[in-house]
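Colleague: I should like to learn how to read the features of a protein model. May we take them in turn?

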Amino acid sequence: MITAITNDNIDLFEHLIPDDLIEDLLIRNDFYGLGCIRRDLDGNFDGFGVLLFVKEYDDGTTVENYHIKWLYVDSSRRGDGIGCELITELYWDFGNTEVPTMTVDIPAIEEYEGLGNFLGDWHFQFLPTYTVDFEMPLTDLKKNKYFSKATKDTVIKGVVPLKDVEEKSLKYFLSQIRKKAIKRGLYVDTMLTEYDKDYFDPNISTVVVKNGFVEGAMLVHVRPSGRLEIVVFDTLQDNNQMYLMRMLNKSYQAALASKIKNARVYHKCYNERGMNFIDGLFGTHSTPYVLRGMIENTSIALSSEEWEEIKEEYWKDNPDLYEDVKAIVTGNY
């Protein structure tokens, strides 16, 4: 049985999902999970496989793409068609929408060849593209000439930690950043104006305040895995590159002082300007080559009538399973 992963049943699937993605499931409103529930050898229900995906928006309101983030089947339970069941369930949802594409990123290396072949069987058309993800061990900053001062507790003019900023000031800044991104046709994080101040590390996150207003911010969230994810790194005025450098220095200074275990800095650039800025600072950064599969909505569309017919036939053959799974999903045992 395939079911939505919710707060009520996530304990059945935790062993299949990395901690960072569990956090996304619990916090983000554009992040969704499908799980396969079956009985184990002891007759108890357990999670056998999961599929996690994000609904990506073109302007903050219209969904333009379903992006698969994680597809995983328990290693001891592969070969039973669980992956196919999960993909099929996603197709049923996707096929009844006006969303044009479904995508997944796969590194173009031999290790992922099997997954690539599996998705190819499901009509993914693989296209070469580039990511603009930047990730590096935090300790490597000490080797970078631009951040030699980050190892010392120095005062950086005009930059203060997020803990010194009021919630309403941060909210206003985020709303302005969202408007700026929409105006320029850039990626818009649907959670941008919904993040609470507490979501960001109060010491590692830094801001530039001018005349009582936040002019720029480097907002960092520390993941359960120890990854320092830069969620926002921008200024209201594009020509304030000095602000960016000052915030980087102050944030990295605090990050090194925090001594977070297994700390890695992660930043996803959504435009060429951001990518060039990062590349200019970290000359060793190279863009990984990945495959991005795309499916046109019309090629797999399934009518709601067909879906209801298939669902009815399934429950006729599995009435006991339906009642048990329904009890788990609803919490009415």
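**Helices, a sheet and one residue**

Modeller: Let us begin with a pair of helices in this predicted model. Helix 5 and helix 6 are oblique to each other, since angles of 65 to 115 degrees count as roughly perpendicular and those under 35 degrees as roughly parallel.

Colleague: How is such a pair of helices described?

Modeller: In general, one gives the angle between the axes of two packed helices and the distance between those axes. Here, the axes of helix 5 (residues 241–258) and helix 6 (residues 272–281) cross at roughly 55 degrees and come within 13 Å. The crossing of helix 5 with helix 6 is right-handed.

Colleague: Which residues make the contact?

Modeller: Helix 5 contributes Gln241, Leu244, Met245 and Leu248, while helix 6 contributes Arg273, Phe277 and Leu281. Of these contact residues, five are nonpolar, one is polar and one is charged.

Colleague: Let us turn to the sheet. In what order do its strands lie?

Modeller: The order is 7-12-11-10-9-8 in an open sheet of six strands, and the pairing is mixed. Strand 7 (133–137) and strand 8 (159–161) each have a single partner strand, so these two edge strands each have one side without a neighbour in the sheet. On average, neighbouring strands are turned by 25 degrees against each other, direction ignored.

Colleague: How many bridges join strand 10 to strand 11?

Modeller: There are seven bridges between strand 10 (residues 213–222) and strand 11 (residues 227–235), and the two strands run antiparallel. One bridge partner pair is Val222 with Leu228 of strand 11. Helix 4 (residues 167–183) packs on the sheet and touches both strand 10 and strand 11; the direction of helix 4 makes about 95 degrees with that of strand 10.

Colleague: What do the side chains of a regular strand do?

Modeller: They alternate between the two faces of the sheet. In strand 7, Phe134 and Met136 form the covered face, whereas Asp133, Glu135 and Pro137 form the uncovered one. Strand 7 pairs with strand 12 (residues 264–268) through five bridges in the antiparallel sense, and Met136 has Val265 of strand 12 as its bridge partner.

Colleague: Finally, is Met294 buried, exposed or partly exposed?

Modeller: Met294, in strand 13 (residues 289–296), has a relative accessible area of 29% and is therefore partly exposed. Buried would require under 20%, and exposed over 50%.

Colleague: Which residues does Met294 touch?

Modeller: Leaving aside residues up to four places away in sequence, Met294 touches Thr101, Met102, Thr103, His123, Phe124, Gln125 and Leu127. Met294 and Val104 are 190 residues apart in sequence, yet their C-alpha atoms are 7.6 Å apart in space.

Note on methods. Residues are numbered from 1 along each chain as its sequence is written. This is a predicted model: local features need pLDDT of at least 70, side-chain atom pairs count only at pLDDT 80 or more; totals for chains, interfaces and linings use all residues. Side-chain values use heavy atoms; hydrogens and water are left out. Axes are lines fitted to C-alpha atoms, for helices over the stretch in contact, and angles run from 0 to 180 degrees between N-to-C directions. Helices (H or I, at least four residues) and strands (E, at least two) are DSSP runs, numbered from the N terminus. Angles under 35 degrees count as roughly parallel, over 145 as roughly antiparallel, 65 to 115 as roughly perpendicular and the rest as oblique. A crossing is left-handed if the near helix is turned anticlockwise from the far one by less than a right angle, and right-handed if clockwise. Contact means heavy atoms within 4.5 Å. Ala, Val, Leu, Ile, Met, Phe, Trp, Tyr, Cys and Pro count as nonpolar, Asp, Glu, Lys and Arg as charged, and the others, Gly among them, as polar. Two strands pair if DSSP finds at least two bridges between them. Buried means under 20% relative accessible area, exposed over 50%, partly exposed in between (1.4 Å probe, protein chains only).
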